[in-house]
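Colleague: I am new to this structure. Could you show me how to read a few of its features?

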Amino acid sequence: MTNEPSIHVDHDEAGANIEHGDHENAYSGLLVNDAHWAFGTDFEDPLAGVDTTVPSGVDPKDLAAYCLMLGDDALVFSQRISEWCSSAPDLEEDIALANIALDLLGQSRLLLARSAAADPSLVPQLPEGSPVPDEDRLAFFREDLAFRNVRLAEVPNGDFAEAVAKILIYSTWRLAIFERLQSSRDSVLSAIAVKGVKEMSYHRDFAGRWVLTLARGTEESKTRLLTALEGLWPLWGELFETHPVEASVAAAGIGVDPAEVADEAGVILDQVFAAAGIERPERGALAGVRGERGRDGLHTEALSKMLADMQVVARQYPEGQW
Amino acid sequence: MSAETSPGSAAAGKTPATRGEWPLYEVFVRGKRGLNHVHVGSLHAADDQMAIHHARDVYTRRNEGVSLWVVRSSSITASSPDEKDPMFAPSGDKVYRHPTFYDIPADVPHM
Amino acid sequence: MTTQINENQFDATELEAQFAATIKAKDRIEPRDWMPEKYRKTLVRQVAQHAHSEIIGMQPEGNWISRAPSLRRKAILLAKVQDEAGHGLYLYSAAETLGATRNELTEKLIAGKQKYSSIFNYPTLAYTDVGTIGWLVDGAAICNQVPLCRTSFGPYGRAMIRVCKEESFHQRQGYELLMTMMRGTEEQRASVQESVNRFWWPSLMMFGPPDDDSPNTEQSMEWGIKTHTNDELRQKFVDMSVPQAEALGVTFPDDGLKWNEERGHYDFSTPDWDEFWAVVKGNGPCNEQRVAHRKRAWDEGAWVREAALAFAENTAADAADTDTAADTDTANTADTTNTTAEETAK
């Protein structure tokens with residue numbers, strides 16, 4: 001990080017240590033130093049110095065498909081959370097939710113880039129000479145049937161209780177996977193997981209704390225929380241279904257079989273529920289279609305609508321520069 | 001700290017418009033090791049732990065290595081002989097000249 | 001606790017003289033200082049409008065977060081709109097030191113009793129507008145705001161220092177987006193020009209009505225709340241923007257725009273002040289939509305804010321009931337939360 005607000009603190013401490021000219025000429029150094037565009041956008045590259053060759057013993061196509069699954073989860077969930085921007089219960093929560101969306105977006109970019117590098121045939125073709133980078137081709141030029149995210153990530157937003165319940169469920173599940181993924185034989189996945197574990201520990205903390213607050217706040221907040229959990233629970237089971245790609249990368253020491261973390265994630269969630277004084281919902285898992293679910297590209301109706309909105313500008317300018 | 005001086009409870013008793021306002025906290029950040037914690041601003045939170053969360057999100061935005069302190073604004077005792085305020089002089093120990101820090105009967109107009 | 005108001009202890013004229021001396025010396029007024037009631041009210045009004053502008057200003061750009069055409073641009077835009085929430089928060093905090101709570105001010109905003117910058121009552125009709133807003137709107141805001149880092153009220157000035165630092169990143173990202181698009185396809189270049197055409201005049205209006213039509217300016221300048229007149233800042237902005245437009249390869253929609261050697265400034269046509277007043281008075285293209293959005297978020301968040309307070313009260317009551325070692329528990333909690341912050345921050 002080169003633009004952290006802590007720099008500001010030092011200046012603020014010195015009081016009027018701010019030169020007039022600093023602000024007046026916003027163009028000094030334009031195009032010379034682009035490390036300062038906006039907060040949160042120039043995260044240190046966690047892949048710096050990381051060996052990007054595909055390890056032996058794994059089919060690059062499996063590695064790519066696996067990265068696409070994890071990357072789509074993060075991208076689609078980030079997109080949903082960012083819909084909260086300017087609509088949260090208070091400014092502090094608006095900022096917190098944007099932080100979570102930004103973290104997930106950062107994770108998805110790395111995962112999609114890894115996917116494209118491992119299997120270029122996955123990347124949609126655009127007119128020759130199009131400057132659109134691989135991560136954006138994957139994000140903006142695939143149909144919903146090609147997305148591999150779990151359905152939890154895509155379901156439409158509800159109220160704030162639904163948001164924190166969904167973030168708690170997602171981050172509890174994903175953190176358990178990423179903790180194991182840190183020791184992946186693929187150096188890139190391992191580096192992404194190391195970064196993600198720090199971020200998602202915070203997300204889980206944030207959401208767990210709010211679940212507790214709503215459960216033990218008012219009658220209304222408790223009712224809303226229970227309704228939200230009840231509505232989300234059918235999506236819990238899918239998180240621990242093993243897709244053949246996941247089985248294959250797990251066997252190769254590259255990825256994690258989600259079924260392996262089911263107990264651990266369940267225990268953590270039950271601890272939060274116990275502290276909150278609420279019961280785990282009892283609804284059964286949402287069925288697929290002919291056994292196919294999010295990981296197979298079989299989604300809810302909500303995903304194609306989300307993508308229609310998300311992809312519209314990018315598709316309008318297939319040769320555009322951004 | 002006595003409950004009656006907390007801005008939250010003072011506000012709660014005042015008007016319906018300000019009912020349910022989270023108390024104000026002051027935030028102090030250690031920018032890096034070797035430096036003092038420095039006051040960077042304030043925010044609202046329902047309790048101490050939420051205030052720490054909010055401080056991290058708002059004032060250290062993302063990922064920086066820092067240490068945070070938060071304290072309820074109403075818990076700070078202030079002394080500043082240079083800042084003369086007759087209105088609150090007899091109890092002039094608060095950080096702000098801040099009407100909501102004081103219980104004012106609801107029937108006093110224009111408060 | 002009762003407030004004792006005992007004005008007789010102090011000589012009112014002495015206090016006023018002291019206040020005037022502080023202003024004259026260009027020193028800062030701090031929250032515990034005595035200040036004329038009208039100074040306080042003017043400041044609360046200005047800071048509140050400014051805070052509201054940041055918060056309402058999240059909407060026009062927020063409109064394009066879901067549709068940003070690249071993941072990098074999406075991250076930049078989300079971070080930028082998030083910054084605006086932060087700016088609003090800093091500014092509401094400054095207003096709180098004057099005794100106006102965020103709740104009160106928000107209630108006034110959604111009841112239509114306080115204003116915000118009219119620029120945000122214009123629609124964003126293309127993703128390109130994100131770039132144009134960054135360049136022109138944030139650029140105009142910087143012209144307005146930089147002098148405010150030296151405003152006479154300490155907390156406002158300090159908030160503005162933070163705001164201005166971040167705003168300059170915003171302006172750069174906007175200009176950089178437009179430059180990148182100008183290097184792209186013909187359609188992209190056309191989109192940039194179209195967007196600039198829509199935002200040029202509203203940007204000039206951001207500096208407020210002409211000086212002879214701005215009744216509060218004089219008193220505000222005397223108090224050091226405001227340091228330049230509307231027309232001075234507008235001229236400065238035009239002078240800054242013309243060479244930037246040339247570098248970018250776009251034009252401004254004003255036939256009267258030309259360099260005046262004698263004045264050493266650009267001449268420009270008169271903005272459409274009828275449109276300005278129509279928008280200020282509530283008839284802008286998006287006034288109702290913006291306020292309704294803010295009101296919806298605020299109203300729908302009420303139960304959450306209530307719940308957190310109730311939780312805090314319930315927890316405090318539980319702790320008080322449990323045992324006599326409550327103090328130790330509290331101390332431990334504080335330690336834990338502090339550690340958490342340090343660790344997650346790494």
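Modeller: Start with burial. A residue counts as buried under 20% relative accessible area. This is a predicted model. In it, C:Cys286 has a relative accessible area of 4%, so C:Cys286 is buried.

Colleague: Is A:Cys85 buried or exposed?

Modeller: A:Cys85 is at 10% relative accessibility, so A:Cys85 counts as buried.

Colleague: How many disulfides are there over all chains?

Modeller: First the general idea. A disulfide is a covalent bond between the sulfur atoms of two cysteines. To be counted here, the two sulfur atoms must be within 2.5 Å. The count over all chains is zero. Take A:Cys85: its nearest cysteine sulfur belongs to C:Cys286 and is 17 Å away. For C:Cys286, the nearest cysteine sulfur is that of A:Cys85. Neither A:Cys85 nor C:Cys286 is in a disulfide.

Colleague: Now helices. At what angle do H4 of chain A and H2 of chain B pack?

Modeller: Angles of 65 to 115 degrees count as roughly perpendicular. Helix H4 of chain A spans residues 91-118, and helix H2 of chain B spans residues 48-59. They pack at about 65 degrees, with axes 9 Å apart. That angle is why H4(A) is roughly perpendicular to H2(B). Their crossing is left-handed.

Colleague: Which residues of H4(A) and H2(B) meet?

Modeller: From H4(A) come A:Glu92, A:Glu93, A:Ile95, A:Ala96 and A:Asn99. From H2(B) come B:His54, B:Arg56, B:Asp57 and B:Val58. By class, this contact of H4(A) with H2(B) has four charged, three nonpolar and two polar residues.

Technical notes. Residues are numbered from 1 along each chain as its sequence is written. Chains are lettered from A and ligands numbered from 1 in the order in which they are written. This is a predicted model: local features need pLDDT of at least 70, side-chain atom pairs count only at pLDDT 80 or more; totals for chains, interfaces and linings use all residues. Side-chain values use heavy atoms; hydrogens and water are left out. Axes are lines fitted to C-alpha atoms, for helices over the stretch in contact, and angles run from 0 to 180 degrees between N-to-C directions. Helices (H or I, at least four residues) and strands (E, at least two) are DSSP runs, numbered from the N terminus. Angles under 35 degrees count as roughly parallel, over 145 as roughly antiparallel, 65 to 115 as roughly perpendicular and the rest as oblique. A crossing is left-handed if the near helix is turned anticlockwise from the far one by less than a right angle, and right-handed if clockwise. Contact means heavy atoms within 4.5 Å. Ala, Val, Leu, Ile, Met, Phe, Trp, Tyr, Cys and Pro count as nonpolar, Asp, Glu, Lys and Arg as charged, and the others, Gly among them, as polar. Buried means under 20% relative accessible area, exposed over 50%, partly exposed in between (1.4 Å probe, protein chains only).
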